[in-house]
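Thanks, everyone; I would like to spend a few minutes on how some side chains are arranged in this protein. Please have the sequence and the model open while I talk.

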Amino acid sequence: MLGSTHGTLTTDSRRARVIACGEQPGPAVHGRPADVDDLDVSGRPLYADVPDLDRFFRPESVAVIGASDTEGRPNTGVTRQLIDWAGRVGARLHPVHPTRPAVFGIPCVAAVSDLPEQVDLAVLLVADPLPVIEQLAEAKVKFAVAFASGFAETGEEGAAAQERLAAAVAESGMRLLGPNTNLNAFSSFREDLDGPGIALITQSGHQGRPVFALQELGIRLTHWAPTGNEADLETADFLSYFAERPEVGAIACYVEGLKDGRSFLLAADRAARRGTPVVAVKVGRTETGARTAASHTGKLTGADAVVDAAMRQYGVIRVDGLDELQDTATLLARAKPPLAEGVVVYSISGGTGAHFADLATEAGLKLPPLSEAKQAELHQWIPEFLSVANPVDNGGHPVGDWRGRKIIDAILADPAVGVLICPVTGPFPPLSDRLVQDLVDAAEQTDKLVCVVWGSPVGTEPAYREVLLGSSRVATFRTVGNCITAVRAYLAHHRFVTGYRSPFDEAPRTPSPSFRKAQALMRPGQQLSEHAAKQLLRAYGIRVPREQLVTSAAAAVRAAGLVGYPVVMKASGARIAHKTELGLVKIGLTSASQVRDAYRELTDIARYEDVPLDGVLVCQMVERGVEMVVGAAHDELFGPTVTVGLGGVLVEVLRDTAVRVPPFGEEQARDMLEDLRGRPLLDGVRGRPPADLDALVEVVLRVQRMVLELGDEVAELDINPLVVLPRGQGAVALDALVVCR
């Protein structure tokens with residue numbers, strides 16, 4: 001086998017508050033205060049330090065607080081394991097116990113203050129770690145681990161206790177792993193394995209065991225960080241640290257909840273910059289999973305659609321099962337970058353090849369037909385009546401002699417081929433033994449990826465146990481699904497990192513001229529009227545129809561003449577959310593009499609429904625185009641989010657939307673459109689002209705800028721419909737809803 005940190009609204013306002021209050025110039029970022037220049041326009045950090053965890057994983061000295069050698073006590077087994085681990089890493093271990101002179105023959109000190117040296121790591125085997133933190137701070141201990149449970153995972157009282165613990169740790173200056181963690185970081189790692197390895201991060205220790213067990217198959221594991229409740233050290237800290245380690249080929253994560261959305265994105269960005277693959281199982285796809293995860297770790301699981309989008313923005317490969325986590329992380333850690341994206345399926349059975357090809361193509365892998373010249377070459381060794389276009393069916397017999405290696409080498413020599421996959425549904429010795437050996441030998445002679453799916457349910461065959469698992473160059477899988485998932489992730493990862501540009505480098509740090517106009521329109525705790533919402537859009541350069549707000553029938557007629565017939569008339573008021581359902585919209589009005597009648601009808605309905613109005617809008621009628629929705633909302637984990645999708649009356653029915661977390665650039669905005677099932681509508685269907693995609697992307701980016709600058713003031717924004725006109729004609733926001741926080 002192979003709770004987000006939210007600053008004030010703008011850099012200027014934060015700078016003013018720093019001067020006025022004398023506070024530190026920014027939220028703490030991985031152990032150091034952020035400078036004002038490290039903040040984006042919304043006050044969120046753009047930079048995170050990489051914590052120096054060398055002395056955590058490889059300490060020179062360790063103190064065990066509450067050490068024991070009394071048989072039958074839980075602390076005794078933990079103490080014994082820590083003694084063994086300290087011996088393996090070459091650390092001096094100091095047991096701490098108030099009444100014991102020695103533990104397992106090692107001299108014991110009565111208190112932290114009696115330690116004979118400054119220690120790198122303190123392991124707390126006590127029920128309440130809080131009283132010990134101050135003692136450790138005075139002793140200048142660098143790291144501590146708290147195993148104790150009963151904190152945020154238990155409810156409000158536990159969460160409050162965890163906040164007190166976190167505050168004490170922050171004041172102490174040291175770093176804490178836990179609480180509610182375990183001994184996984186101090187497990188026995190095989191030292192005889194070489195090559196790039198997998199670094200493992202888990203919030204549930206048990207969920208990391210399948211990945212840790214990969215060592216039994218010859219896969220190197222470099223570290224294991226069981227983060228627990230993350231009162232201090234969190235997933236993002238270890239992600240940043242592992243991304244910098246030269247021995248780490250991939251990072252495998254089991255995540256239940258994220259402590260801070262921005263910290264996670266900054267860490268994922270660091271991994272993306274360095275090309276370090278990150279593969280993650282993230283709990284919370286369902287309401288039940290999210291609820292269970294919250295009770296386990298006491299952290300936010302986050303709205304799953306937002307978490308999923310955020311991970312994809314930064315190249316984090318999300319998988320569902322622990323078996324997929326094993327196989328995908330292994331392949332990404334050990335395989336060289338692809339020389340081409342073409343995948344060839346090579347089998348001894350036409351049925352096997354066809355089945356695999358269906359599944360692979362459906363998953364998005366490219367199976368290009370081999371050239372006529374290449375097919376003619378393969379037919380030197382494969383009977384003419386068998387298809388070798390791709391999949392390549394050899395019929396079985398050629399794998400038992402010299403022809404088998406010739407076929408494999410010929411396929412790998414094709415410059416369009418980057419991946420060769422050979423599914424073996426079941427062993428058929430001696431032919432399968434020869435086939436496997438030929439694949440391993442060929443893999444040793446090429447930089448291209450060679451994969452084998454060993455489908456035998458037994459898994460004890462010498463061809464599998466000795467030949468395939470003995471090779472570091474062949475990626476071996478036990479299921480077709482895991483092979484396809486891993487290969488797709490492998491190609492996608494290298495495609496992603498090749499063109500990656502960090503959005504944090506280009507994120508706005510100072511407000512635009514639009515900000516002052518927009519801020520004056522905000523009404524804290526209120527919904528804006530459509531007229532005010534459109535003024536907000538106009539402040540950020542988003543096109544709206546020609547319109548006038550009027551308060552009399554006569555004024556409506558004059559406005560219609562200025563706007564130009566036909567017109568649309570709408571009631572405008574801060575408490576109106578769904579005008580159409582209330583009959584508060586009139587379209588296609590072509591005369592002064594229709595306008596007068598419409599004004600009276602709209603105001604009568606508003607009085608009957610007890611809806612206060614600030615007036616009636618007389619609007620230009622825009623008829624042609626694709627109706628889209630562009631919106632923004634506030635996620636409790638990541639802060640502002642931006643959404644685009646099919647709009648109009650179908651938005652709530654089809655729910656065809658894509659979301660991104662700012663900051664993001666034009667490329668990600670265009671990728672949002674590619675995520676939509678209704679994307680072909682924008683290209684023109686049934687004779688309609690293609691829509692102005694550039695204008696749509698521009699609106700998405702302007703909405704992003706708006707919510708970044710207004711920060712947490714915007715609870716909800718919906719532009720629906722945004723009519724995207726034919727190419728070159730722009731996009732027009734026909735209606736808008738803005739709710740202020």
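Phe56 has a relative accessibility of 1%, and since buried here means under 20%, it counts as buried; I should say at once that this is a predicted model, so every value I quote is computed from it. Phe186, likewise at 1% relative accessibility, counts as buried.

By the ring-centre rule there are 15 aromatic pairs, and Phe56 and Phe186 form one of them, a tilted pair with 6.3 Å centre to centre and 40 degrees between the planes. Because Phe56 lies in helix H2 while Phe186 lies in the loop between strand S9 (175-177) and strand S10 (197-202), the pair ties together parts that are 130 residues apart in sequence. Tyr241 and Phe242 make another tilted pair, because their ring centres are 5.8 Å apart and their planes stand at 55 degrees, and both of these residues are buried.

Which residues form one aromatic cluster? They are Phe56, Phe57, Trp85, Phe143, Phe186, Phe238, Tyr241 and Phe242.

Trp85 takes us to helix H3, where it is one of the buried residues, alongside others including Val78, Leu82 and Val89. Helix H3, residues 74-89, has 16 residues and reaches 23 Å from its first C-alpha to its last, close to the expected 22 Å. Its buried residues pack against helix H2 (54-57) and against several strands, among them S3 (61-65) and S4 (92-96), and the helix is followed by Gly90, whose phi is positive, near 75 degrees.

Lastly, the charged end of Arg478 sits over the ring of Tyr464, 4.8 Å from the ring's centre.

Key. Residues are numbered from 1 along each chain as its sequence is written. This is a predicted model: local features need pLDDT of at least 70, side-chain atom pairs count only at pLDDT 80 or more; totals for chains, interfaces and linings use all residues. Side-chain values use heavy atoms; hydrogens and water are left out. Helices (H or I, at least four residues) and strands (E, at least two) are DSSP runs, numbered from the N terminus. The expected span of a helix is 1.5 Å times one less than its number of residues. Buried means under 20% relative accessible area, exposed over 50%, partly exposed in between (1.4 Å probe, protein chains only). Contact means heavy atoms within 4.5 Å. Rings of Phe, Tyr and Trp (its six-membered ring) pair if their centres lie within 6.5 Å; planes under 30 degrees apart count as stacked, over 60 as edge-to-face and the rest as tilted. A charge sits over a ring if NZ of Lys or CZ of Arg is within 6 Å of the ring centre and within 35 degrees of the ring normal.
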